[in-house]
Amino acid sequence: MTCFPFFSKGSSSSRQDPDIDEGIQNVRIFTYKELIKATDDFSPANKIGEGGFGSVYKGRLKNGKFAAIKVLSAESRQGVKEFLTEINTIAEIQHENLVKLYGCCVERNNRILVYNYLENNSLAQTLLGGGHSSLYFDWRTRCGICIGVARGLAFLHEEVRPLIVHRDIKASNILLDKDLTPKISDFGLAKLIPPNMTHVSTRVAGTLGYLAPEYAIGGKLTRKADIYSFGVLLVEIVSGRNNTNSRLPIEEQFLLERAWQLYERKELVGLVDPSLNGEFDAEQACKYLKIGLLCTQESPKLRPSMTSVVKMLTGKMDADDRKITKPALISDFMDLKVRKNQESNIDTTYNTSSASENQDSTMTSSAPSTSVTTFSTAQYDQSM
């Protein structure tokens with residue numbers, strides 16, 4: 001069991017932002033000069049990623065270790081609060097399936113995070129990257145990735161205190177090392193939930209396509225929101241396709257909808273990635289897809305805990321498909337571009353790009369009114 005310290009003011013003279021200066025302790029502070037040298041002055045040749053929060057560079061530290069150096073842009077959607085959250089959330093925890101924070105730099109206006117370098121980028125850029133990667137994910141590798149991510153989430157949900165809800169589990173936040181071991185990354189939206197609380201009320205934040213509908217409606221956050229996101233990711237890994245793809249026929253564009261249709265027809269095996277060329281365990285693949293459906297059920301109470309998910313994925317617990325109910329679907333709400341729904345009065349602060357068009361469509365907003373949604377209006381119990 002891991003306990004988080006309360007962070008207090010550090011001692012580095014290089015930190016000049018009082019908001020940041022109040023929040024960092026027990027984290028190595030890198031100088032900006034060190035990171036310039038490590039990345040060859042942030043050379044474009046060393047750039048390995050870019051997103052809404054800024055750019056990521058490969059660098060070599062003074063001790064010879066390679067690192068992923070995440071430079072937050074001045075226009076970054078990740079403000080001081082999210083920067084501190086990312087540092088404080090993972091500074092004191094270690095797990096095989098979580099990225100490791102080496103330290104940070106907070107000189108002048110620079111906000112930089114330094115992580116361990118992972119050789120094989122993210123699932124979004126490899127497995128779901130549309131053939132732009134030379135990596136091949138056989139069935140055994142996919143199983144290992146699913147189990148690894150589940151174990152990392154189970155650790156966050158059940159073994160640390162206070163427990164952590166990640167809030168942005170998605171393919172682009174699952175990084176892969178040289179052995180294709182998955183590491184959960186990007187804790188900028190994470191929330192800590194004290195042991196005496198069942199949920200926290202917060203602004204809605206996450207990525208469309210992975211966002212649990214009951215959280216999008218009410219803003220009451222529980223672990224079950226992460227479990228929903230994991231369920232979507234699990235179906236993506238088995239099928240080898242993004243959760244939304246506007247290039248497909250209308251009845252196949254939304255992955256969860258398609259999975260449910262095939263499940264009802266007892267044809268789930270038809271969703272397995274064709275690039276496997278039939279070289280997979282059909283029974284196990286269908287079981288994994290059923291687990292994905294269990295995790296995305298409409299009622300949060302019916303979704304299993306991540307510990308139970310790990311047991312089901314590893315064969316230590318049955319995935320009882322008699323308990324599967326229809327997944328929570330927010331397809332119309334999630335992707336207006338595909339549905340061409342011109343009448344819905346959607347809060348324009350939401351990014352409505354499909355996942356296939358914009359894998360990193362992270363959004364933050366106040367919780368929307370239920371009047372704008374088109375999914376089932378069942379009442380959600382968020383005490384789980």
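## Buried residues with positive phi

Let's start with a residue in a loop: Asp-186 is buried, with a relative accessible area of 16%. In this predicted model, Asp-186 sits in the loop that links strand S11 (182–184) and strand S12 (191–193). Its backbone deserves a look too, as Asp-186 is not a glycine and yet has a positive phi of about 60°.

Arg-167 makes a good companion to it. Phi of Arg-167 is near 75°, again a positive value in a residue other than glycine. The loop between S9 and strand S10 (174–176) holds Arg-167, and this arginine is buried, its relative accessible area being 8%.

## A cis peptide bond

The peptide bond between Arg-161 and Pro-162 is cis, with omega at about -5°. Pro-162 belongs to the loop between strand S8 (160–161) and strand S9 (163–165).

## Helices H6 and H9

Now to a pair of helices. H6 (residues 223–239) and H9 (residues 306–313) have axes that come within 11 Å and cross at roughly 25°. Angles under 35 degrees count as roughly parallel, so H6 and H9 are roughly parallel to each other. Their crossing is right-handed.

On the H6 side, Ile-227, Phe-230 and Leu-234 make the contact, and on the H9 side Met-306, Val-309 and Leu-313 do. Of these contact residues, six are nonpolar, none is polar and none is charged.

## Confidence in the model

The protein chain has an average pLDDT of 80, and 74% of the residues score at least 70. Residues 1–16 have a pLDDT below 50, and this stretch has 47 contacts in the model beyond near neighbours in sequence. For residues 365–383 the pLDDT is also below 50, with 48 such contacts beyond near neighbours in sequence.

Definitions and conventions: Residues are numbered from 1 along each chain as its sequence is written. This is a predicted model: local features need pLDDT of at least 70, side-chain atom pairs count only at pLDDT 80 or more; totals for chains, interfaces and linings use all residues. Side-chain values use heavy atoms; hydrogens and water are left out. pLDDT is the predictor's confidence in each residue, from 0 to 100. Contact means heavy atoms within 4.5 Å. Axes are lines fitted to C-alpha atoms, for helices over the stretch in contact, and angles run from 0 to 180 degrees between N-to-C directions. Helices (H or I, at least four residues) and strands (E, at least two) are DSSP runs, numbered from the N terminus. Angles under 35 degrees count as roughly parallel, over 145 as roughly antiparallel, 65 to 115 as roughly perpendicular and the rest as oblique. A crossing is left-handed if the near helix is turned anticlockwise from the far one by less than a right angle, and right-handed if clockwise. Ala, Val, Leu, Ile, Met, Phe, Trp, Tyr, Cys and Pro count as nonpolar, Asp, Glu, Lys and Arg as charged, and the others, Gly among them, as polar. Buried means under 20% relative accessible area, exposed over 50%, partly exposed in between (1.4 Å probe, protein chains only).
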